[in-house]
Amino acid sequence: MPHNRRSFIRKGTAGLVMTGASFMLPMELLSMMRKSVGANDTINVGLVGCKGMGFSDLTSFLKMSEINVIALCDVDENVLRERTSDLEKAGIKKPKWYSDYRKMYENKDIDVVIIGTPDHWHCLQLTDALQAGKDVYCEKPIANSVQEANIMLDFVQTRDRMVQIGQWQRSQPHFVDAIKYVHSGALGEIRLAKAWAYQGWMKPVPVVADSSVPAGVDYKMWLGPAPDRAFNKNRFHFDFRWFWDYAGGLMTDWGVHLMDYALYGMKAETPKSVMALGGKFAYPNDASETPDTLQTVYEYDGFSILWEHATGIDGGNYGRNHGIAFIGNNGTLVLDRSGWEIIPEKEFQGWGKDGIPKMEAVRHDNGGLSGLDLHTQNFIDAVKSRDNSKLNAPIKVGYDAALVSHMGNVAFKTGNRIYWDETTGQFKNEEANQYLKATYHNGWKLPSL
């Protein structure tokens, strides 16, 4: 690759770390990056859910020349048309279209399935893909309930398929470096870990009336196992995540990414107890259901983990709108998607003293690749080697993060401090346990082994 082209690609991809849209790159640029490979080296991919993060995932996959997209599945024909046009700009011929993912899974030429659908679909689509013999890259959170997460974990652990969860920070080198430092003991005893997402770009979801289903949309298929409701555009593309039928709000959206690293740094899994306070404080009269402001406290032996989120403002902890902080007796490590740094606790006596070096915005260039690119490459490496120990975000990583995030929402819904029973895998409060369950509608059934 000529040097000037490499520089162009690096400038075009470095720093694309925040949203699904920001992972996208011009399709014409993608066509420059791809080269021909032999038929025996080709990995055929099918994408389910093409509107947002699913297509960002596919775009990242397509930076690898051995990837060949042969199928797109979406309930919205308008999205299929738009994404096919995008692919054609990259010199990729039209994939076969599907509106029912089960029909797509019958295509035996597909090696890998990317699942980019709303959360309420992940359990069915992952388990069905495994039964069809596909390797799977599944967006986070892995499920819309703890019961579904348990089912998905059991399915993956009884199959020989490669399954990567889209918690791509697990593949970002500066995140890995930061956790190594946390585990080194240099911070001293860590008494508290914080994770937060302050999202100033999020504005009120305006109340709109129900309407007719848009042309080209298979709305019954979009609902799937969710309750049958009249079509409302607020519950459709993107904004579905602010309604309990389909998702868990910011707690399971950003929370899964950031709580994952709080757990990783603290070597923690399930807490002893959870309590949460919050509500619709910023936009009390908008259409969304999930809280726009939330603080959740997780109790562990010897430390606590605190989650907090707020919409409409960016003024988060340590001047960062998102991040994770590990607060130790010697100092605090603050980590976000741009880098990490150490804030010494003791009176300043010069950098390098007392084992606390100066580390301001420590990050890697990554050769111009985003964290998502490194994550999809990691997955394909595991697919090729058939070695799931290579996966940076296997099902257990996705499971642990989803479990504690859902616990936070359960605590919010009950309004109580609730205690977890590690032996039974349930809360000691029966009211809380009702929120762990998945209820399927419209003839759809929970998967079973």
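Colleague: Which residue forms a salt bridge with Arg320?
Modeller: The model is predicted: local features need pLDDT of at least 70, side-chain atom pairs count only at pLDDT 80 or more, and totals for chains, interfaces and linings use all residues. Residues are numbered from 1 along each chain as its sequence is written, and side-chain values use heavy atoms, with hydrogens and water left out. A salt bridge is a side-chain nitrogen of Lys or Arg within 4 Å of a carboxyl oxygen of Asp or Glu. The closest N and O atoms are 3.1 Å apart, and the partner of Arg320 is Asp336.

Colleague: How many residues apart in sequence are the parts that Arg320 and Asp336 tie together?
Modeller: Helices (H or I, at least four residues) and strands (E, at least two) are DSSP runs, numbered from the N terminus. Arg320 lies in the loop between β10 and β11. Asp336 belongs to strand β12 (residues 331–336), so the pair ties together parts whose separation in residues is 16.

Colleague: Is Asp336 buried or exposed?
Modeller: Buried means under 20% relative accessible area, exposed over 50%, and partly exposed in between (1.4 Å probe, protein chains only). Its partner Arg320 has 12% and counts as buried. Asp336 has a relative accessible area of 6%, so it is buried.

Colleague: Which residue forms a salt bridge with Lys140?
Modeller: A search of the whole structure finds 23 salt bridges. In this one the closest N and O atoms are 2.6 Å apart, and Lys140 pairs with Asp253. The pair links distant parts of the chain, 113 residues apart: Lys140 is in the loop between β5 and α7, and the loop between α9 and α10 holds Asp253.

Colleague: Which residue does a cis peptide bond join to Lys140?
Modeller: Omega of that bond is about -15°. The partner is found in the loop between β5 (135–138) and α7 (146–157). The cis bond joins Lys140 to Pro141.

Colleague: Which residue forms a salt bridge with Glu289?
Modeller: Glu289, at 31% relative accessibility, counts as partly exposed. Its partner is buried, with a relative accessible area of 11%. The closest N and O atoms are 3.0 Å apart, and the partner is Arg235.

Colleague: Why is the pair Tyr101 and Tyr105 edge-to-face?
Modeller: Rings of Phe, Tyr and Trp (its six-membered ring) pair if their centres lie within 6.5 Å; planes under 30 degrees apart count as stacked, over 60 as edge-to-face and the rest as tilted. The structure holds 19 aromatic pairs. In this one the ring centres are 5.1 Å apart, and the pair is edge-to-face because the planes are at 70°.

Colleague: What separates Tyr101 and Tyr105 within helix α5?
Modeller: Both are buried, Tyr101 at 1% and Tyr105 at 6%. They are four residues apart in helix α5 (residues 101–105), so what separates them is about one helical turn.

Colleague: Which ring has the charged end of Arg337 over it?
Modeller: A charge sits over a ring if NZ of Lys or CZ of Arg is within 6 Å of the ring centre and within 35 degrees of the ring normal. Lys413 does this with Trp244, at 4.1 Å from the ring centre. Arg337 sits 4.5 Å from the centre of the ring of Trp254.

Colleague: Which helix gives the most to the largest nonpolar core?
Modeller: A nonpolar core is a set of buried Ala, Val, Leu, Ile, Met, Phe, Trp, Tyr and Cys residues joined through side-chain atoms within 4.5 Å. Of the 97 residues in the largest one, Tyr298, Ile305, Trp307, Phe326 and Leu333 touch the most other members. With eight residues, the top contributor is helix α12 (residues 395–414).

Colleague: Where does this core lie relative to domain 1 and domain 2?
Modeller: Domain bounds come from an automatic or database domain assignment. Domain 1 (27–169) and domain 2 (170–369 + 395–435) both give residues to the core, so it lies between them.

Colleague: What is the phi of Lys267?
Modeller: Lys267 lies in the loop between α10 (254–266) and β8 (273–279). Lys267 is exposed, with a relative accessible area of 66%. Phi is positive in this residue other than glycine, near 55°.
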